[in-house]
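Work through the exercises below with the sequence and the model side by side. Try each task before reading its solution.

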Amino acid sequence: MKIIKRTESPFRETPGGMLLVATSVAGQPPQFPPIEFVHNDQTVEAIELGPTGSLYSFTIVHPGKEKQPYGLAMVDFGPGVRAFGRLLLGARAPAIGSRLRVVPFALPDGTPDYAFQE
């Protein structure tokens, strides 16, 4: 088994917008988040996804009276990849199939991450 040391983040800012980075191993369909290990000498290819995808499904989590609700979404991208992540909520809930863009997001501890937004 060969360990792939990911030196890059699974998301990146570009002039055209924020992108997610999937991987394809030995010509197999891409997957996100990127794969972290492969067997022996298999070829690993990085594939950029985004900056927009199509909303497949979402839910709104209500963590309790003291905390704000937040959304989680499954978003379909280009070459048959479905990504999971935080959904930034607007004034209304998005429609299934609507176009969402990948945007920067900071976790509560300040760690950079990505989210989806209509």
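**Exercise 1.** In which sense do strands β6 and β7 pair, and over how many bridges?

*Solution.* The model is predicted. Start with the spans: β6 covers residues 52–61 and β7 covers residues 70–77. Next, read the pairing: the sense is antiparallel, over seven bridges. Then fix the register with one pair: L55 has V75 in β7 as its bridge partner.

**Exercise 2.** Find the strands that pair with β10, and state the sense of each pairing.

*Solution.* Take β8 to begin with. Strand β8 spans residues 81–87, and β10 spans residues 112–117. Two bridges link β8 and β10, in the parallel sense. The bridge partner of L87 in β10 is F116.

Now take β9, residues 99–106. Strands β9 and β10 run antiparallel and are joined by six bridges. Here P104 is bridged to Y114 of β10.

Finally, look at the connection. A hairpin is formed by β9 and β10, with five residues between them. In its turn, G110 has a positive phi of about 95°.

**Exercise 3.** Which strands close into a barrel, and in what order?

*Solution.* Assemble the pairings from the two exercises above. Five strands close up, in the order β6-β7-β8-β10-β9. The pairing is mixed: β8 and β10 are parallel, whereas β6 and β7 are antiparallel. From one strand to the next, the twist averages 45°.

**Exercise 4.** Which strands form the open sheet, and which of them stand at its edges?

*Solution.* First, the order: three strands are arranged β2-β3-β5, with antiparallel pairing. Second, the edges: β2 (11–14) and β5 (44–49) each have a single partner strand, so one side of each is left without a neighbour in the sheet. Third, the twist: it averages 35° from one strand to the next.

Then check one pairing. Strand β3, residues 17–25, is antiparallel to β5 over six bridges. The bridge partner of T23 in β5 is A46.

**Exercise 5.** Describe the chain as a whole: how many helices and strands does it have, and what share of its residues is buried?

*Solution.* Count the elements: zero helices and 10 strands. Then take burial, with a cut-off of under 20% relative accessible area. By that criterion, 30% of the 118 residues are buried. Turn to the contacts with a separation of 6 or more: residues 24 or more positions apart account for 47% of them. End with the surface: about 7400 Å² is accessible, and 55% of this belongs to carbon and sulfur atoms.

Conventions: Residues numbered from 1 in each chain as written. Predicted model: local features only at pLDDT ≥ 70, side-chain atom pairs only at ≥ 80, totals over all residues. Heavy atoms only, no water. Pairing = 2+ DSSP bridges. Helix = DSSP H or I, 4+ residues; strand = E, 2+ residues; numbered from the N terminus. Axes fitted to C-alpha atoms, helices over the stretch in contact; angles between N-to-C directions. Buried < 20%, exposed > 50% of the residue type's maximum accessible area, 1.4 Å probe, protein only. Contact = heavy atoms within 4.5 Å. Areas by Shrake-Rupley, 256 points an atom, 1.4 Å probe, with all protein chains shown as cover.
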